[in-house]
Amino acid sequence: MVAWRRTLATIMAIGLTAASGGAAQGRSPQGLPPGAIAQTTTDPDGLIQRANELFYRQDQYAEAARLYQQAIANGGQNRLDAIGPLAQCLMLLGKDTEAIPLLKRFANGEVGNETWLSRLALAEYRTGQYASAEQHLLRVIASWEARRSNPELTDIQRVTLLEQQSYAYRQLLRTLITQGKTDAALEWAERGRSRSLVEVLMQQATRQQAATPLSVAQIRQVAKQLNATIVTYSVLSKTPKIIGDEFEDDPTVAIWAVQPSGAIAFKQVEASAVAGQSITEIVLAARSAMTSATALVNPTTELKRLYQLLIAPIAPQLPRDPQQRVIFVTQGAINLVPLAALQAPNGDYLIQRHTIATAPSIQVLALAEQRRQTQAVATGPGLVVGNPVLMPEIPNGPSGHRERLSPLPGAETEAQAIAQLLGVRPLLTDAATKPAILSQITNQRILHFATHGVLDLDANLNEFGRPRDPNAPKARQGGVIVTPGSVIIGGNVTVNGRNANLALAGEGVVQPAMPGLLALAPTRGDDGLLRAADIATMRLSAQLVVLSACNTGRGRITGDGVMGLARSFLVAGVPTVVASLWKVPDEATKTLMVAFYQALPTQRDRASALRQAMLETLKTHPNPRDWSAFITIGAP
């Protein structure tokens, strides 16, 4: 039987407290109880009440628009609670030209009007008024960024705000690209990702929370200093976010390749040109083909399809020297792509052609590299953890049934070999307890965990924050309307008797959890689980953390990046994290990891060492599932 360093989906109590981030913009349809129908059809209040019922709960946009218009005609000329919803109904009916004059009533700069300005910009974009749309989006983003800069907000609260505001960034990218302003779009692509992580790292480096976004000139300088080609992906949506709770699609990817010379190439690719699917569908199909024992599709087909989508458009800009680095800045479902295993038409894996690293943003990359160069040398050579005995029990699935994790003999052998290379004594079996590890972790140069990784996602939501049940009711269907943009709600809140995480998933206003656990040996009074949220509160001196476990590079995918174990170690001050993208096999992982540490002294950086280890492991374990799961995140 194959032993797997695996992850199990579990239910975790989030228990966050609701908090306000700036002015919370919410509306309720006049407190109308479910199923109630206003009796009056002449006065504005009654007409608006009836129109709200049709609009928000029944999706009858044409009839709702007629009643809003009647309310306005019957003395409600200044009723913004009729003018705004009428504009939304018209946009939903494809009548953007008629909606624009109504939406301009909200273009007065008043606090709380950002979402309406975003809708105005969308209507202008859809009617070809790109310059005006651009200016309105710049106003929206400037206002929201000012709110997100509040020093009293926590990291998670700033992530929550960016999650619900990120649609404006994506809409701005589409608007700029349509006008041919692709360099400016690169600046905004960078500015609209990992902002909270950048602010945390900046505060650690300079004691200043404010972080000035990178210009195109500075992006070029980062590529030059690292002597690397930086490839940035931005996933673009075509979903018109009009009501505010729509789930965005991802049919388009914008790609920038920034060479060390400063040359910038831009390409835009439609998923339909590759496979007739969304980017997420293509990525998940490839992952399934690679990792499922019962997959019906040849993984080679899917890996070549991903190559055509993500690599082929900018292949001419990539270095010919396989030793020269290519650093990928990923977003959305692309965070889950095994880049090393992507196959060119001739069958070459990408790792055979290039040295690969990843980063959540170019600015995070620059800050991580700066920390790597200036960090004080830790006094301890390394902490190596392997195969904790009596693995902890964890809840498995919605039923709450608890399952004890299985031993990992390969992880123990791996830890012994790596500890010998580092000249340290490993913490194995019953010695690998959380108290023992925490007592040594803060001042070690390298941290290596060879154990189980647990991805404790919300039982009701997938890692993209979407309901697992596609028919899950939305908040507005129960009469609760939340306008996203500056709303922060705790995960312990219920809406119409359902958890707010589920009811308000489309609005993105609920603080996301930070999933991810490392399994250690339990002790009396301690469950043996080292949580991502706890790691984020630490201050570590390590230059490298290797998470030789399952799914340690995954988590909750947000507009700020992937919330999980890898991000937590970056927040804790570690410049480079090696993590995995799926359930990795015990024996092959041992081979890969030993080869990685053997290569470290002879290679110029961690990304080069990982490449060498993959090439070595490929010789004895040719299935890409066995060697391509691991990625370097942060400084290469």
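## Exercises on backbone, helices and burial

**Exercise 1.** Asn227 sits in the loop between helix 10 (216-226) and strand 3 (228-236), where helices (H or I, at least four residues) and strands (E, at least two) are DSSP runs numbered from the N terminus. State what sign phi of Asn227 has, and how Asn227 is classed by accessibility.

*Solution.* The model is a predicted one, in which local features need pLDDT of at least 70 and side-chain atom pairs count only at pLDDT 80 or more, whereas totals for chains, interfaces and linings use all residues. Residues are numbered from 1 along each chain as its sequence is written, and side-chain values use heavy atoms, with hydrogens and water left out.
Step 1: most residues other than glycine have a negative phi. Step 2: phi of Asn227 is near 50 degrees, a positive value in a residue other than glycine. Step 3: buried means under 20% relative accessible area, exposed over 50%, and partly exposed in between (1.4 Å probe, protein chains only); because its relative accessibility is 37%, Asn227 counts as partly exposed.

**Exercise 2.** Repeat the analysis for Thr429, which is found in the loop between strand 11 (427-428) and helix 16 (434-438).

*Solution.* Step 1: phi of Thr429 is near 45 degrees, again a positive value in a residue other than glycine. Step 2: with a relative accessible area of 24%, Thr429 is partly exposed.

**Exercise 3.** Check the length of helix 3 (residues 80-92) against the expected span, and determine how many of its residues are buried.

*Solution.* Step 1: the expected span of a helix is 1.5 Å times one less than its number of residues. Step 2: the 13 residues of helix 3 should therefore span 18 Å, and its end C-alpha atoms are 18 Å apart, which agrees. Step 3: helix 3 is mostly covered, since 10 of its 13 residues are buried, among them Ile83, Leu86, Cys89 and Met91. Step 4: after helix 3 comes Gly94, with a positive phi near 80 degrees.

**Exercise 4.** Apply the length check to helix 9 (residues 195-206), and identify which helices its buried residues pack against.

*Solution.* Step 1: helix 9 has 12 residues and reaches 16 Å from its first C-alpha to its last, close to the 16 Å expected at 1.5 Å a residue. Step 2: its buried residues include Arg195, Glu199, Leu201 and Met202. Step 3: taking contact to mean heavy atoms within 4.5 Å, the buried residues of helix 9 pack against helix 6 (130-148), helix 7 (155-178), helix 8 (182-191), helix 14 (362-374) and helix 19 (565-571).

**Exercise 5.** Describe the packing of helix 15 (residues 409-422) and helix 20 (residues 586-599).

*Solution.* Step 1: the two helices pack at an angle of about 10 degrees, with their axes 8 Å apart; axes are lines fitted to C-alpha atoms, for helices over the stretch in contact, and angles run from 0 to 180 degrees between N-to-C directions. Step 2: that makes helix 15 roughly parallel to helix 20, a label for angles under 35 degrees. Step 3: among the residues that meet are Ala417, Ile418 and Leu421 in helix 15, and Met593, Val594 and Tyr597 in helix 20.

**Exercise 6.** Locate Gly347 and list what Gly347 touches, not counting residues up to four places away in sequence.

*Solution.* Step 1: Gly347 lies in the loop between strand 6 (325-329) and helix 13 (350-353). Step 2: Gly347 touches Lys304 and Gln352 under that exclusion. Step 3: the C-alpha atoms of Gly347 and Thr300, 47 residues apart along the chain, are separated by 8.3 Å.

Terms used: Angles under 35 degrees count as roughly parallel, over 145 as roughly antiparallel, 65 to 115 as roughly perpendicular and the rest as oblique.
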